[in-house]
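Ready for a few short exercises? Have a look at the model first, then work through each solution step by step.

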Amino acid sequence: MSHGVLTGYCMPKTLIIDDDPEFEAHITAHFAAQADGALSDYRFVFARDKAQALALMAEADDIDIAAVTIDAPAIGGMNIFKELKDKRLRVPRIALTATRDLPAIRAAMNAGAVDFLTKPVAMDDLEATLHKVFGDCEERRRAWRTEAQLAAVRREMDLAGTLQKRILPDDFPSTQNLEMFALTAPAQEMGGDFYDFFDLDDGRVALVVADVSGKGVPAAFYMAVVRTLFRAAAPQADSPAKCLEQVNRILISHNIPGMFVTVFYGVLDPATWTLEFANAGHMPPLLVGPEGDVRAIESGGGVVLGFDHGIAYEQDSLTLGEGEALFIYTDGLTEAFDAERQPFSEERLIDYLLENRSLSAHALATNVFAFVGAHAGETPQSDDITSLVIRRF
């Protein structure tokens with residue numbers, strides 16, 4: 001009876017370490033007859049004593065299974081594998097025994113045998129055992145390969161996440177009267193949230209806070225595209241609304257289905273403290289006053305980027321007063337859930353801003369993450385979170 005080779009596996013090669021020439025002849029005759037002119041599912045090499053076995057194991061790199069007689073003094077049982085010099089034979093081992101000495105069999109299993117056969121060995125039993133042992137071994141190898149591949153992917157994802165963080169600016173403007181700071185925390189190794197700011201030729205500062213739909217690698221790639229487009233379009237655009245329009249037109253031309261991005265884009269003139277801005281479906285920023293008032297900036301609204309909607313973008317402006325701070329964020333902050341599925345909420349955010357309104361931009365942008373974390377507890381972060389603060393002293 002042939003059990004056949006397992007699908008997708010190569011023919012296993014088995015080393016038989018046994019001092020009985022009749023056993024070798026029986027195996028050879030059985031598998032030769034079984035093959036009937038074709039290649040057998042199994043291949044064998046034989047060693048009749050310790051010296052032959054050690055020589056074969058030292059030279060051969062294609063042995064898949066080793067079967068060794070454990071009650072032949074000339075062989076040494078399972079201890080033979082310990083005598084290999086400068087090499088370890090990492091293959092499953094089967095114990096062969098002419099007795100039913102259970103302590104000896106147990107000792108062989110403790111020494112590394114994965115199965116045992118008692119002599120005289122029926123060829124069907126030998127074939128079934130080899131089939132099972134080799135199949136189990138290949139499954140383990142496949143699992144090891146999968147784990148190694150997953151570990152490699154994890155390392156690449158970690159590296160990609162690090163690179164993504166490094167493309168975001170970390171040298172924030174800070175003068176006697178102006179401070180800016182931002183922070184982002186992706187829900188996975190890579191995220192779709194991003195912030196950016198860069199100088200324009202006329203001395204003004206462009207700033208962007210955006211939230212790409214979805215999470216992970218697709219959102220991260222889309223985020224990189226959007227960030228690049230803003231840096232390319234902003235110097236030529238004569239207004240924030242025109243900049244959004246130009247970026248959206250290019251995104252539409254790429255025809256990336258299912259992806260869109262909300263954006264708050266503003267241009268700050270440090271000389272006049274005027275911020276011209278346009279909002280493409282993003283969370284309204286919160287203007288925090290020094291006297292304890294918080295106001296949502298809901299003007300300048302428009303449709304998210306990534307759709308051919310044909311609606312012109314609006315824009316507006318505000319003047320940042322002395323002591324005021326503008327808090328720009330993504331919805332992952334207010335929608336961070338606790339164990340009872342209660343969101344952090346805009347109300348909690350406003351309370352935080354009121355209680356901490358005198359803090360620096362750095363503290364105001366970063367400390368909110370601790371408050372969100374305290375609210376969420378052990379609940380995993382479900383969305384990317386970003387905050388950017390501009391403060392005038």
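Let's warm up with Thr330, which is buried because its relative accessible area is 0% (buried means under 20%, exposed over 50%, partly exposed in between, with a 1.4 Å probe and protein chains only). Keep in mind that this is a predicted model, where local features need pLDDT of at least 70, side-chain atom pairs count only at pLDDT 80 or more, and totals for chains, interfaces and linings use all residues. Residues are numbered from 1 along each chain as its sequence is written, and side-chain values use heavy atoms, with hydrogens and water left out.

**Exercise 1.** Find where Thr330 sits and what is in contact with it.

*Solution.* Step 1: look in the loop between β14 (325–329) and α7 (331–334), and there is Thr330. Step 2: skip its neighbours within four places in sequence; the contacts of Thr330 (heavy atoms within 4.5 Å) then include Asp193, His282 and Asp384.

**Exercise 2.** Work out whether Thr14 is buried or exposed.

*Solution.* Step 1: place Thr14 in strand β1 (residues 13–17). Step 2: check the accessibility; Thr14 has 0%, so Thr14 counts as buried. Step 3: list what Thr14 touches beyond four places in sequence, with Phe44 and Leu130 among them.

**Exercise 3.** Describe the salt bridge between Arg48 and Glu24.

*Solution.* Step 1: apply the rule (a side-chain nitrogen of Lys or Arg within 4 Å of a carboxyl oxygen of Asp or Glu); this pair has N to O at 3.3 Å. Step 2: locate the partners, which are 24 residues apart, with Glu24 in helix α1 (residues 21–35). Step 3: Arg48 is at 39% relative accessibility, so Arg48 counts as partly exposed.

How values were computed. Helices (H or I, at least four residues) and strands (E, at least two) are DSSP runs, numbered from the N terminus.
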